[in-house]
Amino acid sequence: MTRDEEIIEDFPAYALGALGNEERRAVEDLIERDADAAKELAEMLDTVAEFSARVGEAIPPMAVRERLVSTAKAEGGGTYQDSAFSSLVSHLENRIAIEENEREHDVKSVWQRLGSLVTAGRLAFATSLASFVIVGIMAIQLGVDNVELNQKVSDMDRDVAAAYARAEEILNEMSSTEELLNYAHERISRQDQEIVRMTELNDALRSSMNDQISLTYATLRNEYQSPEWQPDAGLTGNGYAYLLEHQRKPLGALVVGGVEQAPPGEEYRLYLIREDSEPTYVASFDMNRAGYGTVLFKLTIPMSLYDGAHITRERTADPPDPSLASPQNLYKPQ
Amino acid sequence: MINYQELTDQELLAEISEKNTDAFAALYDRYGKRVFGLAARILNDSVKSEEVTQDVFMRVWRRGHTYMPDKGKFTTWLFRIAHNRTIDELRRLRRDKSRYSDDITERYDLESDEITPPEAAVANSEYEQVRASLTVLPEAQRQVVYLSYFKGMTQTQIAESTGQPLGTVKTRMRLALKKLRVALENEIYGDD
């Protein structure tokens, strides 16, 4: 037996699908080059195909047809009818086919009685019915779509209105913030003006104080005279003092400016100093709120016999303590 | 408007080659139930049968132009694709789940419920014709046809399972097909 004869022996198995892949390819190779063998196999294949066609029908779900047609369209297929329309037509045709099958088998069903009324124009009737149904479905669908669309537009309008309202709130808040900011700027500006005014007032007060000291000094000067020496202008920082001596009486005068008020329970005290003796306490005094003070005191000897003056700040309850007079506070004659 | 139901298989295939989905739908309407019925009868599984049916017709859609009329009828080409695809699925299921018994006596029983899928609604009147065709075969021949065609067994597997020599299986298949051809032709002529 030749190899080809062995392969031909496999033809029935090939037709029945009972070969492995290798044997199947061998058969297909042979029929490509042997027309007689191909004819012999074709007869067997026809037999099996006839057998297959008679195994029986079963109605697949409509979804199978829909998927096939939609896939075909997705792969570039064209159509002359709407797929839903075709599906309905096909569905009706399937029902008609079932009717016919049942009628052939003398089965009296509803479909058979219906089928007897519909003769040659059955397909046309089915097509018209399908068209009517499709139009109805499309109208309903369009209505549903329209309602959904209106709802979406309404929702969007509401969203836009809410966005506008929020934007307005933000603008109002911004406006309020701006007003607050302006108010703050105005307050700052007023405070600046107040500071300027107070500074000017302070300067005027200082000037007035100086003027008052000068006026006091000038007034006293009519009866008093300045000793040869004067206190150091650096008495207490910015403070200054003038000592005067009455021209006819044993009186002295001290005019002080630019010195802070003594805290409660304390006072300033004036000592006159001679180099060869202990400082002599002559008077206690305090400053007014403007930092200005004037005190008159008795002199036991002419002021010209003293070498200088000494001012201390001591507890009011304590007696004068000449030992507190330090050289730093020594008033030297100019 | 073209009435595709009136077109021949060849004319529909020509339209399908031009990517006409209406022609494709018409061809499905013509043979879809038979292809689905065949798959359902063998697989006894509606979902898998749907998949097979889809695969078969998508192959027609994509490769319809490869069908050559001079090598056989369109239905021969179509049902061969359908049967091969169904058998492939059956073998795959058998490998995956071993859902089909290896008991040869259970497999070979034309009267059992196993070959009457309850969910497939297969038209039993036609299957009666197939069953009748098979009954004209001697027992041994009917067995090899059943095991190969309905159960997807190869001739080698049948030989091993039944304990028959491979040559004997081949001979019985050949004789079975000859008798089957005569029986089916008689039925066809009888229908006319």
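Start by selecting chain A of this predicted model. Of its 334 residues, 23% count as buried. Colour chain A by secondary structure next, and you'll find eight helices and seven strands. While you have the whole chain in view, think about its contacts too: among those in chain A between residues at least 6 apart in sequence, 56% join residues at least 24 apart.

Now zoom in on a sheet. Select β1, β2, β3 and β6 of chain A: they make an open sheet of four strands, in the order β1-β2-β3-β6, with antiparallel pairing. Which strands stand at the edges? Pick out residues 224-225 and 292-298 of chain A: these are β1 and β6, and each has a single partner strand, so one side of each is left without a neighbour in the sheet.

Stay with the sheet and highlight residues 240-246 and 251-257 of chain A, which are strands β2 and β3. They run antiparallel, and six bridges join them. For one spot to click on, try Y240(A): opposite this residue, in β3(A), stands G257(A).

Last stop: bring chain B into view. Here 46 residues of chain A are in contact with 58 residues of chain B. What should you select on the chain A side? Go for α2 (11-15), α4 (35-53), α5 (62-74) and α6 (83-104), the elements that give two or more residues to the side touching chain B. Which of them gives the largest share? That is α4(A), with 10 residues. Finally, colour this side of chain A by residue type, and it divides into 22 nonpolar, 14 polar and 10 charged residues.

Notes
Residues are numbered from 1 along each chain as its sequence is written. Chains are lettered from A and ligands numbered from 1 in the order in which they are written. This is a predicted model: local features need pLDDT of at least 70, side-chain atom pairs count only at pLDDT 80 or more; totals for chains, interfaces and linings use all residues. Two residues are in contact if their C-beta atoms, placed from the backbone, lie within 7 Å. Ala, Val, Leu, Ile, Met, Phe, Trp, Tyr, Cys and Pro count as nonpolar, Asp, Glu, Lys and Arg as charged, and the others, Gly among them, as polar. A residue is buried if 20 or more other C-beta atoms lie within 10 Å of its own, exposed if 12 or fewer, and partly exposed in between; C-beta atoms are placed from the backbone. Two strands pair if DSSP finds at least two bridges between them.
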